[in-house]
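Colleague: Could you take a close look at the salt bridges in this model for me? I'd like to know which residues pair up and how buried or exposed they are.

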Amino acid sequence: MRANHVILGLVALFLTTANFASISAQEKDQPAADKAAETKPADDQGKTESKPAEKKPEQPAKSEGDAKEKAKDEPKQDAPEKDAPEKDASEKEAAPAKPQPDPVWLEKGVWTLPPTDGPAATDFSLVGEYVGDITMPTASKNDDEADSSDSTGKRRFGVQIRTLGSGQFEALAYEGGLPGDKEFDESTQLRLIGRRNGDTLVLSGGPWALFAGPEQCRLINMEGASLGDLPRVNRTSPTMGAKAPENALVLFDGTNTDEFTQANMDDQKLLKQGANINWLLTDFDLHLEYRIPHMPGMQGQKRGNSGIYLQSRYECQILDSFGTERVFNGLGALYRFKPPRLNMAFPPLVWQTYDVQFTAARFGANGKKLRPAHVTSWVNGVKVQDNVALPGPTGAGKDEEALPLQTFLQNHTDPVRFRNVWVVDRGLVASDSFPVKSEE
């Protein structure tokens, strides 16, 4: 009997030892499995397997201390998975990246966007138009021409300030306001020169000094008394944003360049210079909006140059002519043929408008020209050419003949930009007054 008890005890001891060895083996393999799960790629963890899940062997319960110790060793988790779609949606709905200046042009001293820091930004902040009512003697008359009736009193006065770079400036001042104003008097034009000191620009050239800041100018006479302030104004063309009529052909709206045989858009969906219109236009009305770069170190024809070449023969000049005299090769001119009636140039980097009404030359069956081409044009909503007859091509225009040629926007290498370009081809527009009815 005693022997039987001994035998049963040995059997129980053997079974207990075997079970303990099995449990120890499972616990030994578990850290490796946990580590494999932790190091498994995130993409693999997120995938959904098509095969049925395998039944995992039951694990022995772990103590609270073990659970805390494991949590301490595990890496901290990112935001819950459910937040990820919201993050993606916010990224899609985010506003487009802010335009950045072109570094290639910056190296050349050309700004396609307003400078934001340094001396260049300070200079640019002073460029613009200023107008107001001041009390002063008439600046345009000599002392022996002036009389008591106009020697004092309030006068409308306008100033256009442009930079020449490196703190150097020049300006044109006018009585009657700015070009295009009702009382504007070009004969009173006065040229000023000056230099910036800190944030203040001092201009001289008249019987007074002009102190200019970003928001206003002040005129000071020889005695140091203020003659008045001229607040800054930012003018906009009345044809800016004009919508194309129903019978118009939209050439460019920022979508594509399909209406051109040669054209390119920049990163901001603006039309670059050097765009050739596909349609061979004869008699037409053209609207476009353009932006001239800021090129303070350049002068004359090297400063924001482009142009509208009508039928590849006649050029309506585009140029940074802000704050300069009107000339036969400046903005609004029929290039090197006829200066504009007014210099309606706005400052660089300001959107401006050009509207052109063109009637092609007429030729007989024998090839002889019977009637010259005619042009009427408006710059920033003000008529600068009035039904001008063109005796022949202008500038580098091609020879005249009965065959219409391409109209294009000139590439003079300067980064001039265009938008909202449309044309009404009057040859395709039916007249409401035809057929003509008899008086009976």
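Modeller: Here is a walk through the salt bridges, with some notes on the setting they sit in. Keep in mind that this is a predicted model.

First, the backdrop. The protein has 440 residues, of which 38% are buried, and its secondary structure comes to six helices and 22 strands. If you take the contacts between residues at least 6 apart in sequence, 59% of them join residues at least 24 apart. The exposed surface is about 26400 Å², with carbon and sulfur atoms supplying 52% of that.

Now to your salt bridges: the structure holds 16 of them. Let me start with Arg-156 and Asp-133, whose closest N and O atoms are 3.3 Å apart. This one goes from strand to strand: Arg-156 belongs to strand S2 (residues 154-165) and Asp-133 to strand S1 (residues 128-135), with the two positions 23 residues apart in sequence terms. Arg-156 has a relative accessibility of 38%, so it counts as partly exposed. Asp-133 gets the label partly exposed too, because its relative accessible area is 42%.

Next comes Asp-283 with Arg-362, where the closest N and O atoms are 2.6 Å apart. Asp-283 sits in the loop between strand S12 (275-277) and strand S13 (284-291), while Arg-362 is in strand S17 (residues 362-363), so the bridge ties together parts that are 79 residues apart in sequence. The two partners fall into separate classes here. Asp-283 is at 13% relative accessibility and therefore counts as buried, whereas Arg-362, with a relative accessible area of 35%, is partly exposed.

Then there is Asp-320 with Arg-303, a salt bridge at 2.9 Å, N to O. Both ends are in loops: Asp-320 in the one between strand S15 (314-318) and strand S16 (352-359), and Arg-303 in the one between S13 and strand S14 (306-310), the pair being 17 residues apart. How buried or exposed is this pair? Asp-320 has a relative accessible area of 5%, so it is buried. Arg-303 is buried as well, because its value is 2%.

Beyond these pairs, Arg-162, Glu-170, Arg-191 and Glu-325 are linked in a network of salt bridges. Glu-325 from that network turns up again in the lining of the largest cavity, where its company includes Gln-160, Tyr-174, Glu-186, Arg-326 and Asn-343. The space in that cavity is about 60 Å³, and the count of cavities of 30 Å³ or more comes to one. Sorted by class, its lining has four nonpolar, four polar and three charged residues.

One more place with charged side chains, in case it helps: the second largest pocket, with a volume of about 490 Å³. It is lined by 19 residues, and those closest to its centre are Gln-100, Asp-102, Thr-112, Asp-266 and Asp-267. The lining as a whole divides into eight nonpolar, four polar and seven charged residues.

Notes
Residues are numbered from 1 along each chain as its sequence is written. This is a predicted model: local features need pLDDT of at least 70, side-chain atom pairs count only at pLDDT 80 or more; totals for chains, interfaces and linings use all residues. Side-chain values use heavy atoms; hydrogens and water are left out. Helices (H or I, at least four residues) and strands (E, at least two) are DSSP runs, numbered from the N terminus. Buried means under 20% relative accessible area, exposed over 50%, partly exposed in between (1.4 Å probe, protein chains only). Contact means heavy atoms within 4.5 Å. Accessible areas come from the Shrake-Rupley method with a 1.4 Å probe; for residues, only the protein chains shown count as cover. On a 1 Å grid over the protein atoms alone, a cavity is a set of points where a 1.4 Å probe fits but cannot get out, and a pocket is an open set with protein on both sides within 12 Å along at least five of seven lines; lining residues have an atom within 4 Å of a point. Grid points are joined across faces, edges and corners, and a volume is the space filled by probe spheres set on the points. Ala, Val, Leu, Ile, Met, Phe, Trp, Tyr, Cys and Pro count as nonpolar, Asp, Glu, Lys and Arg as charged, and the others, Gly among them, as polar. A salt bridge is a side-chain nitrogen of Lys or Arg within 4 Å of a carboxyl oxygen of Asp or Glu.
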